[in-house]
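The following paragraphs lead the reader through a protein model, from a feature of its surface to the overall fold. Please keep the sequence and the structure in view while reading.

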Amino acid sequence: MAESGSNATIIATVITVIGSVAVAVISNWDKIFPKPQVSPPPVTSAAPQPAPNGIPLANGNFEVPPPAVIDISGTWYNPSAPANGSRIVQQNSGFQFSSWGMLPQGIGYESKGSGTVVAQNISYNYFAQYQNGWTSQGNCSGTVSSDGNQITATCSDNVLGTFVSAGIKQ
């Protein structure tokens, strides 16, 4: 019988150990088997919002058309020197021009050049020949009015230096 009492003690001890291990496993289940971290889905609006002047595409995105090119083709004159003029021929955003006139010192000139208009920004390069035999070249950058009837640009010339050029479309 002593044997049966010691078997009972062993069985009780085994049950106690198994119970303690089970309680420890259950209490630490989240540490033993952590849940995978799931990121919340990104928040999206119910319908995509168009970009300004956007054109909806089949994939739900929007295409923004390029800005309209301002038409500067035609004959121009300088309001502070009305005898000075230019003739501009434009194709898309590019243009070529020829100019003529008189410098404040009374020297006549002719020039030719080309440039681009992007939105209301204008830039161009030119080569000029003067009646006294001089030649010069330069570049200009400035703005065009939204209606395409006025241009103001700051120019840098290898002979004349820096000056402001203004034009009004006829």
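The structure shown is a predicted model. A suitable place to begin is its surface, where Trp134, Val159 and Leu160 make a nonpolar patch of about 260 Å². One member of this patch, Val159, belongs to the loop between E9 and strand E10, which spans 161-169. The relative accessibility of Val159 is 40%, and therefore this residue counts as partly exposed; the term covers values between the limit for buried residues, under 20%, and that for exposed residues, over 50%.

A second loop deserves attention. Gly133 is located in the loop between E7 and E8. Is Gly133 buried or exposed? Because its relative accessibility is 59%, Gly133 counts as exposed. The C-alpha atom of Gly133 is separated by 9.6 Å from that of Tyr109, a residue 24 positions away along the chain.

The two strands joined by this loop may now be considered. Strand E7 comprises residues 121-130 and strand E8 comprises residues 135-144; they pair in the antiparallel sense over 9 bridges. For Phe127, the bridge partner in E8 is Gln137.

Strand E8 also takes part in a covalent link. Cys140 and Cys155 form a disulfide in which the sulfur atoms are 2.0 Å apart. This disulfide connects distant parts of the chain, since Cys140 lies in strand E8 and Cys155 in strand E9 (residues 150-157), with their positions 15 residues apart in numbering. Why is the disulfide described as right-handed? The torsion about the S-S bond of Cys140 and Cys155 is about 110°, so the disulfide is right-handed. Both Cys140 and Cys155 are buried. The number of disulfides in the model comes to 1.

The strands discussed so far can be placed within a wider arrangement. In the order E3-E4-E5-E6-E7-E8-E9-E10, 8 strands close into a barrel, and their pairing is antiparallel. Neighbouring strands of this sheet are turned against each other by 30° on average, with direction ignored.

Finally, the chain may be viewed as a whole. Its secondary structure consists of 2 helices and 10 strands. Along the sequence, these elements follow the pattern α-α-β-β-β-β-β-β-β-β-β-β. The chain has 170 residues, of which 23% count as buried; Cys140 and Cys155 are buried residues of this chain.

Notes. Residues numbered from 1 in each chain as written. Predicted model: local features only at pLDDT ≥ 70, side-chain atom pairs only at ≥ 80, totals over all residues. Heavy atoms only, no water. Pairing = 2+ DSSP bridges. Helix = DSSP H or I, 4+ residues; strand = E, 2+ residues; numbered from the N terminus. Axes fitted to C-alpha atoms, helices over the stretch in contact; angles between N-to-C directions. Buried < 20%, exposed > 50% of the residue type's maximum accessible area, 1.4 Å probe, protein only. Disulfide = S-S within 2.5 Å. Patch = residues over 30% accessible without salt bridge, like charges linked within 9 Å, V, L, I, M, F, W, Y side chains within 5 Å. Areas by Shrake-Rupley, 256 points an atom, 1.4 Å probe, with all protein chains shown as cover. Salt bridge = Lys/Arg side-chain N within 4 Å of Asp/Glu carboxyl O.
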